[in-house]
Structure formats: C-alpha cells, structure tokens
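These are my notebook entries on a structure I have just opened. I went through the sheets, the helices packed on them, the core and the ligand shell, in that order.

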Amino acid sequence: MGGRAGGRRAWWENGMTELVRLTDVTKVYQGGITGALNGVSLSIEQGEFTAVMGPSGSGKSTLLNLIAGLDRPTSGDVAVGGTDLGALGEAGLARFRRDHVGFVFQFFHLLPNLTALENVLIPAQLKGRESADARGRKLLERLGIAEVADRYPARLSGGQQQRVAIARALINNPTLLLADEPTGALDTHSGEQVMDLLAQLHRDGQTILLVTHDAKLATRQASRVVSVMDGKIVDDARLETKERSTSEVVRVRGEETSR
Ligand SMILES: Nc1ncnc2c1ncn2[C@@H]1O[C@H](COP(=O)(O)OP(=O)(O)OP(=O)(O)O)[C@@H](O)[C@H]1O
Ligand SMILES: [Mg+2]
C-alpha cells in the first residue's frame with residue numbers, strides 16, 4: 001500500500017494536503033420542502049479517516065453522494081483534489097468517479113451471478129487495466145478472504161460480502177474511499193471486523209469518509225467525527241489520541257440530540 005500512497009502524492013503535486021473541499025453547499029431535492037443540505041462547508045485532508053454521524057434524514061448520504069460525484073449540489077462548490085466537480089460534464093464526472101472514488105454501500109451491491117473475484121474486477125475492467133486478476137486476488141488476500149475468490153456472493157457471509165465490496169472499491173486505487181453505513185447490515189462481530197479493516201487501510205494512508213450510526217465504532221477507529229443535523233454540520237471533532245474516552249462518545253451524541 002506504500003506504493004499506492006506514493007502514487008497519490010504524484011497526482012497531488014502542489015504539496016497541499018487538502019483533498020476534499022465543500023464550500024457553502026446546499027442540496028434541495030426535487031419536491032423537497034426543506035433542503036437536504038443547508039450550507040455545508042467542509043475540508044478533508046489527505047489521509048484522514050472521517051466519520052459522519054447524525055440522525056436519519058440529516059443529509060449524510062447526500063453529503064457522501066455529492067463528494068462522490070454521484071449527484072450535484074443545488075448551490076455551492078464541491079472540489080476533490082483541486083478539481084471543481086461542478087465544472088465537469090457527465091463523462092468527466094464518470095471518469096472522476098472511476099479514477100478517484102471507491103464506494104462501499106450498506107447492502108454490498110454485489111452482482112449475484114459473478115464470483116467474488118469477478119465482482120472485485122468490475123471497475124478494473126471498466127478501466128481496462130491489465131493484470132487486474134492478480135491484483136484482485138492479492139486484494140482479497142489482504143482483506144483476509146483469499147479463499148472466497150471463486151465463490152458466488154450467495155455462498156458468502158455478510159461480512160465476507162462486505163469485504164469483497166471493499167476490495168471492489170479499492171481495485172482502482174481510489175484517492176478517496178467512501179462508505180455509507182458499511183456495517184449497518186452486519187452483526188456486531190462482522191461490523192467490528194470491517195471497521196478494523198478500514199482502520200488498517202487508514203493506517204496505510206487511505207483517505208476514508210464513512211457514514212455510520214455507531215458512535216462507539218466511529219470514535220474508536222476514525223480520526224475525526226463530523227456530526228450532521230438538519231443538513232448542517234453541528235460538530236466537528238478531531239480525535240487526537242487512540243485511547244478515546246466514553247465521555248467523548250457521549251459528547252458527540254449529546255451535541256446531536258441537544259439541538
Ligand atoms: N432522491 C431523493 N429525492 C428526494 N428527497 C431525498 C432524496 N434523497 C434524500 N432525500 C431527502 O433528503 C434528506 C436527507 O437524506 P439523506 O439520505 O441524505 O439522509 P441520511 O442522513 O443519509 O439518512 P439515513 O441515516 O436514514 O440514511 C431527507 O429528508 C430525505 O428524505
Ligand atoms: Mg443515508
């Protein structure tokens with residue numbers, strides 16, 4: 001993974017470390033009475049592991065989708081790696097997603113008629129990479145599930161399926177790994193395994209933005225917790241130490257519920 005970090009640095013030439021910048025972003029869905037996002041400004045540094053928390057409907061997925069270039073803001077700017085996503089057309093956005101974004105979903109979204117390895121290789125084939133096969137197997141090995149490479153998703157546990165989905169998200173060396181409730185459909189143990197895995201990727205230099213409802217997992221593994229409420233950021237805490245106190249968990253949640 002060290003080589004991958006180097007690759008990202010080459011792409012990120014100007015020496016800045018800011019990777020994502022949202023400037024006064026609003027999002028009003030068609031037919032929506034109130035905005036899903038109401039003036040969000042946020043800067044994410046390269047290498048950060050940020051957890052986004054907040055109640056249902058507060059705008060977390062909307063925020064992630066805008067950063068992923070899956071949707072466009074109603075107003076305001078989203079820039080990733082210095083590229084203003086608003087300036088890209090549909091083809092440019094698709095290229096941006098392919099080259100820079102890995103996305104992990106709550107319900108894995110694996111194709112049932114493809115094996116684990118074939119699922120992992122979908123984005124690589126889109127990109128026309130050679131030796132993708134070997135890289136896919138190596139990734140599965142790294143994620144601790146080498147033995148499932150040739151099995152179909154229906155024969156995998158939820159935790160295994162999510163790790164396959166993470167491998168698929170990583171196959172093109174994304175600048176940014178985005179995960180929307182990746183542990184939401186998993187039992188406690190599998191959820192912890194997936195979070196440990198994300199923490200390991202973070203230690204290896206991967207920038208990660210994670211949406212989660214689990215304050216305990218978030219504060220244990222992430223280096224920053226951003227709390228969203230009614231489409232606004234109401235708290236933003238960088239967690240300096242590895243030893244996080246329960247009081248910190250309570251505080252983040254307290255912020256949420258007290259407003
Ligand atoms: N495609 C859409 N069309 C219309 N309204 C939408 C759409 N997607 C989301 N919304 C609305 O925007 C608001 C924010 O939704 P969003 O999905 O971002 O919330 P969330 O924080 O991810 O919630 P959850 O924790 O339930 O996943 C909600 O009021 C939701 O109903
Ligand atoms: Mg959501």
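Before listing partners, I fix the term: I take two strands as paired if DSSP finds at least two bridges between them. I also keep in mind that this is a predicted model.

**Entry 1: overall count.** I looked up the secondary structure of the protein chain and found 10 helices and 10 strands. The chain has 259 residues, of which buried ones make up 40%. Taking contacts between residues at least 6 apart in sequence, I noted that 69% of them join residues at least 24 apart.

**Entry 2: the sheet of 6 strands.** I traced an open sheet with mixed pairing, in which the strand order is β6-β7-β8-β3-β9-β10. β6 (101-104) and β10 (232-238) each have a single partner strand, so they stand at the edges and one side of each is left without a neighbour in the sheet. On average, neighbouring strands here are turned by 15° against each other, with direction ignored.

I then followed the pairing along one end of this order. β6 and β7 (residues 176-180) run parallel and are joined by 4 bridges, and within that pairing G102 has L177 of β7 as its bridge partner. β7 also pairs with β8 in the parallel sense, over 5 bridges, and here L176 has T207 of β8 as its bridge partner.

**Entry 3: burial of β6 and β7.** Are the residues on the two sides of β7 buried or exposed? I found L176, L178 and D180 on one side and L177 and A179 on the other, all of them buried, which agrees with the count of 5 buried residues out of 5 for this strand. For β6, I noted that V101 and F103 point one way while G102 and V104 point the other way, and that all of these are buried as well.

**Entry 4: helices across this sheet.** Helix α7 (residues 158-170) lies across β6 and β7, and its direction is at about 165° to β6. Helix α2 (residues 60-67) lies across β3 (49-53), β7, β8 (207-211) and β9 (224-229), running at about 150° to β8.

I looked at α2 further, asking which of its residues are buried. They are K60, T62, L63, L64, L66 and I67; with 6 of its 8 residues buried, the helix is largely enclosed by the rest of the structure. Just after α2, G69 takes a positive phi of about 70°.

**Entry 5: the sheet of 4 strands.** I traced a further open sheet, with antiparallel pairing and the order β2-β1-β4-β5. Its edge strands are β2 (37-45) and β5 (83-84), each of which pairs on one side only. Strand β4 (residues 75-80) and β5 run antiparallel and are joined by 2 bridges, and A79 has D84 of β5 as its bridge partner. α2 packs on this sheet too, touching β1 (18-27), β2 and β4, with its direction at about 125° to that of β1.

**Entry 6: the core.** Which residues touch the most other members of the largest nonpolar core? Of its 63 residues, these are I67 and L178. The largest share of this core, 6 residues, comes from α7. I listed the contacts of L178, leaving aside its neighbours within four places in sequence, and found L64, I67, A68, V101, G102, F103 and L209. Read against the earlier entries, L64 and I67 are among the buried residues of α2, and V101, G102 and F103 are among those of β6.

**Entry 7: the ligand shell.** I looked up what surrounds ligand 1 and found Y29, G32, A36, G54, S56, G57, S58, G59, K60, S61 and T62. By class, this shell divides into 2 nonpolar, 8 polar and 1 charged residue. Of the residues in this shell, K60 and T62 also appear in the list of buried residues of α2.

**Entry 8: a check on E118.** I placed E118 in helix α4 (residues 116-120). Why does E118 count as partly exposed? E118 has 18 C-beta neighbours inside 10 Å, and a residue is called buried only if 20 or more lie within that distance, and exposed if 12 or fewer do. I also noted that E118 and R151, which are 33 residues apart in sequence, lie 9.6 Å apart in space, C-alpha to C-alpha.

Note on methods: Residues are numbered from 1 along each chain as its sequence is written. Chains are lettered from A and ligands numbered from 1 in the order in which they are written. This is a predicted model: local features need pLDDT of at least 70, side-chain atom pairs count only at pLDDT 80 or more; totals for chains, interfaces and linings use all residues. Axes are lines fitted to C-alpha atoms, for helices over the stretch in contact, and angles run from 0 to 180 degrees between N-to-C directions. Two residues are in contact if their C-beta atoms, placed from the backbone, lie within 7 Å. A residue is near a molecule or strand if its C-beta atom, placed from the backbone, lies within 6 Å of it. Ala, Val, Leu, Ile, Met, Phe, Trp, Tyr, Cys and Pro count as nonpolar, Asp, Glu, Lys and Arg as charged, and the others, Gly among them, as polar. A nonpolar core is a set of buried Ala, Val, Leu, Ile, Met, Phe, Trp, Tyr and Cys residues joined through C-beta atoms within 7 Å.
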